[in-house]
Amino acid sequence: MKIYKDKTVLITGASSGIGESFAKRLNQLGAKLILTARSEDKLQQLADSMNDAIVIPGDLSDKSFPQKLYKEILNKGKTVDILINNAGFGFSGPFLDCEFKDYEEMINLNIFSLMHLTYLHLGDMVKRGDGGIINISSLASYQPLPYFAVYAASKSFVTSFTLSLYEEYRTKGINILGVCPGYTKTNFNKRAHLEPQNVPGYIMSSDKVVEQSLRAFSKKKYVVINGKINVLARFFMSILPTGIAMRMAKAIIKGGMNKKQW
């Protein structure tokens with residue numbers, strides 16, 4: 001995967017999970033990294049272990065931060081070749097059990113900041129006639145998920161948005177990929193109140209998700225569903241009537257919640 005060597009890559013949510021795995025793998029591939037997340041200490045520790053990485057900490061659930069991040073990158077004389085919109089989180093449980101401000105924060109992070117950073121950097125890429133964007137979505141984006149209602153809806157936006165932009169800009173030298181992992185072992189699970197050791201089914205590591213995603217991007221694919229079992233699950237649920245698919249999802253998730261697996 002020589003295409004990543006000497007490329008400047010901006011990774012959001014880089015302090016842990018999939019974002020950290022992207023940083024470590026791209027560092028091995030010779031990329032120049034810009035790392036952002038809320039945890040400055042973790043980011044700096046990660047950057048110190050890299051060949052060429054800088055840290056710009058901040059909270060992307062703050063709607064003013066994408067513009068600040070973009071200006072700071074320009075001030076440092078950097079040009080982003082590849083944007084990886086990885087930052088995101090979700091909550092599990094009945095819709096009314098979470099505070100509305102938590103949903104607002106989720107929407108700001110999962111949708112608004114991703115869209116804003118894409119808008120800012122895609123414009124520069126189009127002017128150059130070169131560049132790429134990797135948006136981390138989810139298998140959950142493909143159907144409504146009771147008890148993950150807002151999260152699944154936010155990821156539906158990400159997948160639809162990404163595929164639309166791919167078709168708009170693929171002839172302009174821009175490579176845009178949507179990544180749809182299933183259940184992945186990351187710190188996301190703690191915030192979503194999930195216990196990975198109890199969840200049945202196929203659980204991928206963040207490193208495997210990253211490796212598949214970077215290969216898909218290098219082949220100029222527009223979407224990747226990580227893991228063969230997840231591909232089969234997506235196909236199976238797609239052929240079911242929506243009502244049946246929703247009831248099945250509800251029963252599975254509710255059963256897990258009752259067993260304190262979700």
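This is a walk through a predicted model, one selection at a time.

**Whole chain**

Start with the protein shown as a cartoon, where 9 helices and 9 strands can be picked out. Colour by accessibility next: of the 262 residues, 49% are buried. If you draw contacts between residues at least 6 apart in sequence, 67% of them join residues at least 24 apart.

**The largest nonpolar core**

Select Leu10, Leu69, Ile73, Val80, Leu83, Met106 and Leu145. The largest nonpolar core has 36 residues, and these seven touch the most other members. Now add the elements around them: α3 (65-75), α4 (100-128), α5 (149-169), β6 (174-180) and α9 (242-258) each supply at least two residues of this core.

Stay with Leu145 and show its neighbours. Leaving aside residues up to four places away in sequence, Leu145 touches Ala140, Ala152, Ala249 and Ile253.

**A second core**

Select Ile11, Leu43, Ile82 and Val224. They are among the 31 residues of a second core, separate from the one just visited.

**Threonine 118**

Go to helix α4 and pick Thr118. Is Thr118 buried or exposed? Its relative accessible area is 1%, so Thr118 is buried. Beyond residues up to four places away in sequence, Thr118 touches Leu83, Asn85, Gly123, Ile133, Asn135, Phe161 and Leu165. Put a distance label between the C-alpha atoms of Thr118 and Leu165: the two are 9.8 Å apart in space and 47 residues apart in sequence.

**Two cysteines**

Select Cys98 and then Cys180. Cys98 has a relative accessible area of 17%, which is under the 20% cut-off, so Cys98 is buried. Cys180 is buried too, with a relative accessible area of 1%. How many disulfides are there? With sulfur atoms required to lie within 2.5 Å, the count is 0.

**The second largest pocket**

Finish at an opening with a volume of about 200 Å³, the second largest pocket. To see its lining, select Ile3, Lys7, Asp81, Ile82, Asp130, Gly131, Gly132, Gly173, Asn175, Phe217, Ser218 and Lys220. Ile82 turns up here as a lining residue, having appeared above in the second core.

Which elements each supply at least two residues of this lining? Show β5 (131-136) and α7 (206-218), which both do. Coloured by residue type, the lining divides into 3 nonpolar, 5 polar and 4 charged residues.

Technical notes. Residues are numbered from 1 along each chain as its sequence is written. This is a predicted model: local features need pLDDT of at least 70, side-chain atom pairs count only at pLDDT 80 or more; totals for chains, interfaces and linings use all residues. Side-chain values use heavy atoms; hydrogens and water are left out. A nonpolar core is a set of buried Ala, Val, Leu, Ile, Met, Phe, Trp, Tyr and Cys residues joined through side-chain atoms within 4.5 Å. Buried means under 20% relative accessible area, exposed over 50%, partly exposed in between (1.4 Å probe, protein chains only). Helices (H or I, at least four residues) and strands (E, at least two) are DSSP runs, numbered from the N terminus. Contact means heavy atoms within 4.5 Å. On a 1 Å grid over the protein atoms alone, a cavity is a set of points where a 1.4 Å probe fits but cannot get out, and a pocket is an open set with protein on both sides within 12 Å along at least five of seven lines; lining residues have an atom within 4 Å of a point. Grid points are joined across faces, edges and corners, and a volume is the space filled by probe spheres set on the points. Ala, Val, Leu, Ile, Met, Phe, Trp, Tyr, Cys and Pro count as nonpolar, Asp, Glu, Lys and Arg as charged, and the others, Gly among them, as polar.
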